[in-house]
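Student: I have a complex open on my screen and would like to talk it through with you. Could we begin with whatever term I need for reading the strands?

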Amino acid sequence: MTHLGTLRTAIDGDLVLELPGDIRSIESTVEYVMQRCRTCSEQARRLDLNFRVGLTEALSNAMLYGNSHDPSKRVLVEVVLQAGRLEARVTDQGPGFDPSTVPDPTTPENLTKPCGRGLYLMRKLLDEVSFNDQGNQVTLVLRLESGGFLEGGVQA
Amino acid sequence: MGFEVSQNGEVTLVEVEGQLIVGNRQELKQQVLEQLEGGDRKFVIDFAKTGYIDSSGLGVLVSLSKKIREQGGELRLSSLNEDLRTLFELTKLDTLFRIADSKELALEGF
């Protein structure tokens, strides 16, 4: 776990990770969360594509924009899997932003811009995407018709 | 995870192995830009061995396509799996690139 950061607490199957401000940790973090999440086979694609993409984008945004590449700032990841619902909350240590100001990247004038697709993909692929008032915490929800569970024992 | 670059006649083929994400996008950009500066103008990036592309990876493809076009060249893509194609369709980037089903088809007639 040291390459991912600190597994702060894990209560009743919930997963809480505190990450360093290092984009190289994103891939291994997402992979670790995906390994801990298991659902029935018909949900596999929604988990593997929709949740994986959403979580990756949330972590990227938190490190690149929220924490402004500052390696001393941390990112908190909380994953909760309840019956029929997988929720991930990603919190950075930045000042926050107003998500309503992010333009649609698919309009003709924005299509050729290199940035601005992360939040759009989150909104397209997850069932719910919401921010706290400060704008430094995003909550992603994926609804799972048949439920699922977080695999693995409690580690501290 | 890495990038394999090879020459097929006039076409530079870059095969992406693993992921194209925020952590390695600059490596791809640097490799392609070096080839562009060296005079190459026709590029195919193949994703047959790619598991996932994030928004940063999509962004670097857009950026490279623009730079290559500015030099009178073209960037084509190939071998997108179902998930990757979904990402291109959601972001409408499938309208920006010529996307072939395989690298062979992408190279054909380039």
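Tutor: Let us start with pairing: two strands count as a pair if DSSP finds at least two bridges between them. Please keep in mind throughout that this is a predicted model.

Student: Fine, so how many bridges join strand S2 of chain B to S3(B), and do they run parallel or antiparallel?

Tutor: Strand S2 (residues 11-20) of chain B is joined to S3(B) by five bridges, and the two strands run parallel. Within that pairing, Leu13(B) stands opposite Val44(B) of S3(B).

Student: And how does the chain cross from S2(B) to S3(B)?

Tutor: The path leads through helix H1 (residues 25-37) of chain B, and the resulting β-α-β crossover is right-handed.

Student: Which strand sits on the other side of the Val44(B) pairing, so to speak, opposite Arg76(B) or elsewhere?

Tutor: Val44(B) also stands opposite Arg76(B), a residue of S5(B). Strand S5 (residues 74-78) of chain B is connected with S3(B) by five bridges, and here too the strands run parallel.

Student: Is S3(B) mostly covered or mostly open?

Tutor: Mostly covered, since four of the five residues in S3(B) are buried. S3(B), spanning residues 42-46, also has the highest mean pLDDT among the elements of chain B, at 98, whereas strand S4 (residues 50-53) of chain B has the lowest, at 91.

Student: What about the pLDDT of chain B as a whole?

Tutor: Chain B averages a pLDDT of 95, and 99% of its residues score at least 70. For the complex, the predictor gives an ipTM of 0.90 and a pTM of 0.85.

Student: Let me zoom out, then: how many helices and strands are there in chain B?

Tutor: Chain B has four helices and six strands, and read from the N terminus their order is β-β-α-β-β-α-β-α-β-α. Of its 110 residues, 41% count as buried, and residues 24 or more positions apart account for 73% of the contacts with a separation of 6 or more.

Student: Why would I call chain B a compact globule?

Tutor: Because a compact globule of 110 residues would have a radius of gyration near 13 Å, and the 12 Å of chain B agrees with that. The C-alpha trace of chain B spans about 30 × 30 × 25 Å along its principal axes.

Student: Changing topic, how many residues of chain B are in contact with chain A?

Tutor: On chain B there are 20 residues in contact with 22 residues of chain A. Helix H2 (55-70) and helix H3 (82-90) of chain B each supply at least two residues of the side that touches chain A, and the largest share of that side, eight residues, comes from H2(B). By residue class, the side of chain B that touches chain A divides into eight nonpolar, eight polar and four charged.

Student: And what is the secondary structure of chain A?

Tutor: Chain A comes to three helices and eight strands, with the order β-β-α-β-α-β-β-α-β-β-β from the N terminus on. Of the 156 residues of chain A, 33% count as buried.

Student: One last residue: where is Asp70(A) found?

Tutor: Asp70(A) is found in the loop between helix H2 (44-66) and strand S4 (75-82) of chain A. It is partly exposed, because 13 other C-beta atoms lie within 10 Å, and a residue counts as exposed if there are 12 or fewer and as buried if there are 20 or more. The C-alpha atoms of Asp70(A) and Gly94(A) are separated by 9.5 Å, although the two are 24 residues apart along the chain.

Terms used: Residues numbered from 1 in each chain as written. Chains lettered and ligands numbered in written order. Predicted model: local features only at pLDDT ≥ 70, side-chain atom pairs only at ≥ 80, totals over all residues. Contact = placed C-beta atoms within 7 Å. Nonpolar A, V, L, I, M, F, W, Y, C, P; charged D, E, K, R; others polar. pLDDT = per-residue confidence, 0-100. Right-handed = clockwise from strand over helix to strand, strands pointing away. Rg over C-alpha atoms; globule rule 2.2 N^0.38 Å.
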